[in-house]
Amino acid sequence: MSRLVVVSNRVPDPAKGPPAGGLAVALNSALEKMGGVWMGWTGKSSGVKEPGPLQFVERGNITFALTDLSRRDLAEYYTGFANSVLWPLCHYRLDLTEYARKDMAGYFRVNRLFAERLRPLIQPDDIIWIHDYHLIPMASELRRLGVGNRIGFFMHIPWPSPDVFFTLPVHEAIIDNLTAYDLLGFQTEHDVENFALALKRDGIGRDMGDGWMAAYGRRFQAKAFPIGIDVAEFASTAKEAVRSKAVKRTAVSFAGRDLIIGVDRLDYSKGLTHRIDGFERFLIANPAWRGRTTLLQVTPKSRSEVQGYSDMQRQVAEHAGRVNGAMGTLDWTPIRYINQSVGRNTLAGLYRIARVGLVTPLRDGMNLVAKEFVAAQNPADPGVLVLSRFAGAARELDAAVLVNPYDVEAIGNAIARALSMPLEARVERYTAMMARIEQNDISKWSADFLGMLQPEEQRTTEPVPA
Ligand code: ADQ
């Protein structure tokens, strides 16, 4: 049996014990099963010019190999190329991409550094799983160092249409680097199609069918593996959490008003100003609802060091303030807007007491909040999910109230529809969505990906088509 080597930009702090939720849990449990190495950035800057040595922590059969980044690496690799070029590009925000050759060079330099540090930890039979847009060049750097192991890559964010992708000055280099992998995983079929189209339009490769692609003389597999959550665990957490003090206190503070909830990192991809404006439209068009519902928007600040985020953070605060000023009354604040992260259990409880979940990103790879909201509902009296058609999750959650997140009137109408939806329709939609997310939960996601990445002779089960 192979060991597993995982590389991700951020690694959950091993000193805090096994992670509590989300993707980290899935990777952690795959690593516990197979044994292996988890490498990545500590999240800290070493401040100096050179990053310090690898820091090793052992927990059970997992070796954590962590590195700080120098201030320059952080600026060029992380803040620069990853978050000021690839992130906005993949979320269709060409107006926000800030391309600089220096950052591109830093991106490759840090990937090379990661590869050089990882190299001595790799054993001949290991399978290697690289995560996300920060680390695209890892495989080709490892190949350069003589690593012949199976290497897979999962892209957590959207793969944009070729017209958008080709605006990247180094798009050939990015594709060239991706062809060094044995397996490319994307969130949706749509992302896979966009990737294949880029190969075709640039005349550098093609889709050979059956999940095989070829480019630059190399053959590799590419497939959609829509990421999920641990549905059963999240559902039971939510059920428990409604009895907690924090959730009870919050419920009381809404004084019997229907709760609409939004939970996002404060990111321009999440469509927050459109959402707030949509809520305002709803209040204008449905005066009877004024004073009877509140939008709770839980939105911790994120990537504040990146230009583009500070402008957007100001705009979101302004929109929320404007709506509260215009529509609020002495005893009612329409929007409760907080820049804080909320503990996972409390979050689950809040989803459960909410009548409506608003998940309206302008573009999103998958969006796990949508799946968490569904899993958290009370099956006998479920709330309604309003979901952007441009979230990867809309493919599976087509029983949500789907909206075009750019259309604020449509958002307003969707809120009205969701708040007044009869029980029977709510149960029907909830049941359909639960069935989909249960079928495709997080353990299936990692098992499918790793099943396909496994060398053929070691595959125990047939990889399940998505
Ligand atoms: P994100 O853009 O971070 O992830 P998302 O999928 O919604 O978006 O995941 C966010 C996670 O953080 C969820 O588990 C959520 O509960 C938690 N979270 C969000 N806001 C929070 C808050 N205020 N307090 C506490 N927790 C909060 C990227 C891609 C997504 C893709 C994931 C996983 O952008 O499209 O679904 O990776 O592949």
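**Two sheets, their helices and the ligand shell**

An open sheet of 10 strands, with mixed pairing, has the strand order β3-β4-β2-β1-β5-β6-β7-β10-β9-β8. Its edge strands are β3 (55-59) and β8, and each of these pairs on one side only. Direction ignored, neighbouring strands of this sheet are turned by 25 degrees against each other on average. The model described here is predicted.

Strand β5 was examined together with its two neighbours. Strand β1 (residues 4-10) and strand β5 (residues 127-131) run parallel and are joined by 4 bridges. Within this pair, V6 stands opposite W129 of β5, and V7 stands opposite I130 of β5. Strand β6 (residues 151-154) also runs parallel to β5, to which 4 bridges join it. Here the bridge partner of I130 is F153 in β6. I130 thus stands opposite V7 and has F153 as its bridge partner in β6.

In a regular strand, the side chains alternate between the two faces of the sheet. In β5, I127, W129 and H131 lie on one side, while I128 and I130 lie on the other. Both faces of β5 are covered, since the residues on either side are all buried. The strand is accordingly mostly covered, with 5 of its 5 residues buried.

A second open sheet is formed by 6 strands in the order β13-β12-β11-β14-β15-β16, and its pairing is parallel. The edge strands are β13 (335-338) and β16 (401-403), each pairing on one side only. Neighbouring strands of this sheet are turned by 20 degrees against each other on average, direction ignored. At one end of the order, strand β12 (residues 293-298) and β13 run parallel and are joined by 4 bridges. In this pair, L296 has R336 of β13 as its bridge partner. Helix α14 (residues 408-419) packs on the sheet and touches β11 (258-263), β12, β14 (356-359), β15 (384-388) and β16. The direction of α14 makes about 175 degrees with that of β16.

Two further helices, α8 and α12, were considered for the burial of their residues. In helix α8 (residues 231-241), the buried residues are V231, F234, A235, T237, A238 and A241. These residues are on the same side of α8, because they cover an arc of only 160 degrees around the axis. The elements that cover the buried residues of α8 include α9 (245-253), α12 (344-353), α13 (368-376) and α15 (423-439).

Helix α12 is largely enclosed by the rest of the structure, because 7 of its 10 residues are buried. The buried residues are L347, A348, G349, L350, Y351, R352 and I353. They pack against α8, α9, β11, β14 and α13. The partners of these residues thus include both helices and strands.

Two residues other than glycine have a positive phi. For D210, phi is near 60 degrees. D210 is placed in the loop between β8 (205-209) and β9 (212-215). D210 counts as exposed because 7 other C-beta atoms lie within 10 Å, where the limit for an exposed residue is 12 or fewer. N367, which is not a glycine, has a positive phi of about 90 degrees. N367 is found in the loop between β14 and α13. N367 counts as buried because it has 26 C-beta neighbours inside 10 Å, where 20 or more are required.

The surroundings of the ligand were also examined. Of the 21 residues around the ligand, those that come nearest are H156, S341, G365, M366 and L368. Helix α13 gives the most to the shell around the ligand, with 3 residues. By class, this shell has 11 nonpolar, 6 polar and 4 charged residues.

Key: Residues numbered from 1 in each chain as written. Predicted model: local features only at pLDDT ≥ 70, side-chain atom pairs only at ≥ 80, totals over all residues. Pairing = 2+ DSSP bridges. Axes fitted to C-alpha atoms, helices over the stretch in contact; angles between N-to-C directions. Contact = placed C-beta atoms within 7 Å. Arc of directions from axis to C-beta. Near = placed C-beta within 6 Å. Nonpolar A, V, L, I, M, F, W, Y, C, P; charged D, E, K, R; others polar.
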